[in-house]
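User: I'd like to go through this one and check the labels we put on things. Can you take my questions one at a time?

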Amino acid sequence: MPAEPKFFDECRLLLPEDFDDALDTKSHQVTARSVRQTERGWSSTCGYMTGDSLGAYTSSVEVTTDTTSADFEASQQTRPRSGLEKYPDAKPREVAQLGDDAWTQTTYVPVFGRDNSQRLAPQTVDVHVLQGTVAIVVRLHVAKDAKPDVPAAIELARTAHFRLPDPLRVEPKKIEQPCTKVDLKLAGTVLGAEEFSGQRSVRSNDRKFACDFTARGVALSITSGDSSDDSTNFEASKAGGQALDGIGDQAYYFGSPMDGTFVKVGDQVLSIFGVNADQAAETGADGAGAGSGGGTQSGTQDPTEDELAFLRSVVDALT
């Protein structure tokens, strides 16, 4: 009789100390989690970085179920970027004796110098592994001015592959307090989602946490922090923002409230981002989102009553 698949924790495939060893650091933490439904299965990600900036990450491991060989081969099709000819590791290269199939590639991004000059710099070393119908992607951050450590990334991928349970079952909703207090029905009304099928969270304490919710074509993220850096960043980011009255002690947003709202209550800072891919496409085509009010200033939309109600509910629940 086949073994019953057990729910697995994507953040157990690679531990913070695994990245510390690979990058010769001592301060990696799990700072982000997410899970989303794909066309046939689920894709879950665990993100890591040094420090405790929850909701952001520089290195990661991603696991996707129900992956076909055609899906895996298609993932190697990359758009050519001018100037990459002198970087052999920018092209997909096979990795031997790892899963059923595996390849690695270093991603490069343009960076600008003080004199406005531009050059390409490595960002991550990616290792893709296919084991049966499960795909693993390990992304190892490349520090500024450092060389890509391809062997270290491959070793991390071997570790993740070794720890991969068989059979595997993704748990769509795995979330903890205080993220469980978010009114997802109201969030669904605002973002056009019937149900947030994917739910994840990372928590340091009751005032420092990150919540991640996904539905088909919809994503919602809420982060909270109470450090002096959070307050400093809040003050520094105000420029160009539209003030929101009656939301926390201070609040402002860019574009529309769901494009990015930042709220301060005492020394706690909340950031709220939500997107509906279909609505975003309509906004790009028509210049205004569905259901949005008139503009308050160039590029900024008035908040709707539902958006204001949702923002108030978030502040009431999480502060």
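User: Which residues of helix 3 are called buried, and what makes them so?

Analyst: This is a predicted model, and in it the buried set of helix 3 is Val150, Ala152, Ala153, Ile154, Leu156, Ala157, Thr159 and Ala160. The word goes to residues with under 20% relative accessible area. As for what covers them, the list includes helix 1 (16-23), strand 4, strand 5 (93-94), strand 6 (101-112), strand 7 (118-131) and strand 8.

User: How do you know what span to expect for helix 3 (residues 150-163)?

Analyst: The rule is 1.5 Å times one less than the number of residues. Helix 3 has 14 residues, with 20 Å expected, and its reach from first C-alpha to last is 20 Å, so the two values are close.

User: What happens at the start of helix 3, and why does it count as a polar contact?

Analyst: There, a side-chain oxygen of Asp149 comes to within 3.1 Å of the backbone nitrogen of Ala152. The cut-off for an N or O pair is 3.5 Å, so this one qualifies.

User: What is the strand order of the 7-stranded sheet, and which strands stand at its edges?

Analyst: The sheet is open, its order is 2-3-4-8-7-6-5, and the pairing is antiparallel. Strand 2 (28-37) and strand 5 are at the edges: each has a single partner strand, so one side of each has no neighbour in the sheet.

User: What makes strand 5 and strand 6 a pair?

Analyst: Pairing takes at least two bridges. Strand 5 and strand 6 have 2, in the antiparallel sense, so they qualify. Arg93, for instance, has Thr104 in strand 6 as its bridge partner.

User: Which helices pack on the sheet, and what do they touch?

Analyst: Helix 1 touches strand 2, strand 3, strand 4 and strand 8, and its direction makes about 120 degrees with that of strand 2. Helix 3 touches strand 4, strand 5, strand 6, strand 7 and strand 8, at about 145 degrees to the direction of strand 8.

User: Why is strand 4 (residues 59-64) called mostly covered?

Analyst: Because 6 of its 6 residues are buried. Ser59, Val61 and Val63 point one way, Ser60, Glu62 and Thr64 the other, and all are buried. On its neighbours: strand 3 (residues 42-50) joins strand 4 through 6 antiparallel bridges, with Tyr48 opposite Ser59. Strand 8 (residues 134-141) joins strand 4 through 5 bridges, also antiparallel, and Val61 has Val138 as its bridge partner there.

User: How do you know that Cys11 and Cys46 form a disulfide, and why is it right-handed?

Analyst: Their sulfur atoms are 2.0 Å apart, and the limit is 2.5 Å, so the pair counts. The torsion about the S-S bond is about 105 degrees, so the disulfide is right-handed. Cys11 sits in the loop between strand 1 (6-8) and helix 1, Cys46 in strand 3, so the bond ties together parts 35 residues apart in sequence. Both cysteines are buried.

User: How many disulfides are there, and what is the pairing?

Analyst: There are 2, and in sequence order the bonded cysteines pair 1-2, 3-4. Cys179 and Cys211 are also joined by a disulfide, S to S 2.0 Å. Its S-S torsion is about -80 degrees, so it is left-handed. Cys179 lies in the loop between strand 10 (173-174) and helix 4, while Cys211 belongs to strand 12, 32 residues away. Cys179 and Cys211 are buried too.

User: Why is Gln268 called buried, and what does its side chain reach?

Analyst: Gln268 has a relative accessible area of 3%, against a cut-off of 20%, so it is buried. It is found in strand 17. Its side chain makes a 2.8 Å polar contact with that of Ser224, and one of its polar atoms lies 3.0 Å from the backbone oxygen of Leu318.

User: And where does Leu318 belong, and what does that helix pack against?

Analyst: Leu318 is among the buried residues of helix 7, along with others including Phe310 and Val314. Those buried residues pack against helix 4 (184-191), strand 12 (208-215), strand 13 (218-225), strand 16 (261-265) and strand 17 (268-276).

Technical notes:
Residues are numbered from 1 along each chain as its sequence is written. This is a predicted model: local features need pLDDT of at least 70, side-chain atom pairs count only at pLDDT 80 or more; totals for chains, interfaces and linings use all residues. Side-chain values use heavy atoms; hydrogens and water are left out. Buried means under 20% relative accessible area, exposed over 50%, partly exposed in between (1.4 Å probe, protein chains only). Helices (H or I, at least four residues) and strands (E, at least two) are DSSP runs, numbered from the N terminus. Contact means heavy atoms within 4.5 Å. A polar contact is a pair of N or O atoms within 3.5 Å; within protein, one must be able to donate a hydrogen and the other to accept it, and residues adjacent in sequence count only if both atoms are side-chain atoms. Axes are lines fitted to C-alpha atoms, for helices over the stretch in contact, and angles run from 0 to 180 degrees between N-to-C directions.
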